[in-house]
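This report describes the architecture of a single protein chain. The sequence and structure are shown first, followed by the overall content, the nonpolar cores and one residue of the final helix.

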Amino acid sequence: MENIYSKLRNLDAYPKVNEDFYSRTLSGGIITLVSSLAILLLFFSEFRLYLHTVTETKLLVDTSRGETLRINFDVTFPAIPCSLLSVDAMDISGEQHLDIKHDIIKKRINSHGDVMESRQDGLGAPKIEKPLQRHGGRLEHNETYCGSCFGAEQSDDDCCNSCEEVQEAYRRKGWAMTNVDLIDQCKREGFFQKIKNEDGEGCNIHGSLEVNRVAGNFHFAPGKSFHHTNFFLDDLLAFQKDSYNISHRINRLAFGEYFPGVVNPLDGAQWIHETSNGMYQYFIKVVPTIYTNIRGRTVHSNQYSVTQHFKNLEFIHLNSHPGVFFFYDFSPIKVTFEEEHISFLHFITNICAVIGGIFTVAGIIDSFVYYGQRKIKKKMEIGKFR
């Protein structure tokens, strides 16, 4: 057993020196104090990094398909009344959504930007006694109301009980409403009076769109869109103006859910236009993004980059009309962000490197100072004897 102990003692890489041979100096004490403070400071720095999360980023080919995309928006138009403002969406698959009202809120604002009224778009018309029936007579007692669509019925059972439903029937036919004064539903709802009352006002419109995950566009435009011979033309005939001021401010535009660190470049963007009709276009490249936090919760969302262009329209023609257009396409590359902690072994390795590195450097400095002082002292003594 003693032989084994002796062999183990021979393997000692840290031979001990008798305390009688120690020589302690003032410079060594100062260096020890400074190096200890440095070790303590770096230890807490590494410990703080260990407690905090780091985000690892990866780029992958996006192989997802058959999904939908939610677009969240909040846009203010200071010079277009809410009655004239509509939202349309379409994509390259051929799917079209005209004058979207679901999940959309409009707020009337005055010239100072103050909110005057907030309402969900697409609410029904007020009830009026004895409105015009589809058969031409007036509503009688205990008779079910079925308003005329004024020639736009698709079947004998179709009813248009509000001005909005008449307009929708006309949109399905691809007709323009050139004689709105003759529409009983619009007259009794005060459709034109409402537009006239909102003259000089603006509109804040916010909500969300659920679209297919393919390239497409959505736009905000004055008037109601009609589909005719594969083109979209705003129904501006009934309330035509010389120009529409499409100045706007994008308070928020996001493709998908929020996740920490996301930057939407159009949030807060503003564009002022004071002259004639125009088409403002945003060309957006959407980058699919997956974010996983430290607890394992995964958020499937998107980031995007954008370029923009303004097209001045001297007159309205079939394939160009005033409004703000957002054209979006998808990147084939997907970005993944994953939060994670530094491993404990990595933390211990860094601590050992800090302690060992500072201890070694401090030893070199101490040796340099100690032997330097001795040589200087020896030279001074030789000079004194001479």
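## Overall content

Of the 386 residues in the chain, 38% are buried. The coordinates are those of a predicted model. Its secondary structure comprises six helices and 16 strands.

Contacts between residues at least 6 apart in sequence are dominated by long separations: 72% of them join residues at least 24 apart. The chain has an accessible surface of about 23800 Å², and carbon and sulfur atoms account for 56% of that area.

## Nonpolar cores

The largest nonpolar core contains 35 residues, and Phe220, Leu253, Ile284 and Phe326 make the most contacts inside it. At least two core residues come from each of the strands E2 (68-77), E3 (85-91), E7 (202-212), E8 (216-222), E11 (248-255), E13 (278-292) and E15 (323-330). Strand E2 supplies the largest share, with five residues.

A second core, separate from this one, consists of ten residues, among them Cys160, Ala169, Ile183 and Cys186.

## Surroundings of Ile284

Leaving aside residues up to four places away in sequence, Ile284 touches Leu253, Phe255, Leu266, Tyr304, Ser305, Val306, Phe326, Phe327, Tyr328 and Asp329. Two of these partners, Leu253 and Phe326, are also listed with Ile284 as residues with the most contacts inside the largest core.

## Phe359 in helix H6

Helix H6 spans residues 344-385 and includes Phe359. Because its relative accessible area is 66%, above the 50% cut-off, Phe359 is classed as exposed. Phe359 and Ser35 lie 324 residues apart in sequence, yet their C-alpha atoms are 7.2 Å apart in space.

Definitions and conventions. Residues are numbered from 1 along each chain as its sequence is written. This is a predicted model: local features need pLDDT of at least 70, side-chain atom pairs count only at pLDDT 80 or more; totals for chains, interfaces and linings use all residues. Side-chain values use heavy atoms; hydrogens and water are left out. A nonpolar core is a set of buried Ala, Val, Leu, Ile, Met, Phe, Trp, Tyr and Cys residues joined through side-chain atoms within 4.5 Å. Buried means under 20% relative accessible area, exposed over 50%, partly exposed in between (1.4 Å probe, protein chains only). Helices (H or I, at least four residues) and strands (E, at least two) are DSSP runs, numbered from the N terminus. Contact means heavy atoms within 4.5 Å. Accessible areas come from the Shrake-Rupley method with a 1.4 Å probe; for residues, only the protein chains shown count as cover.
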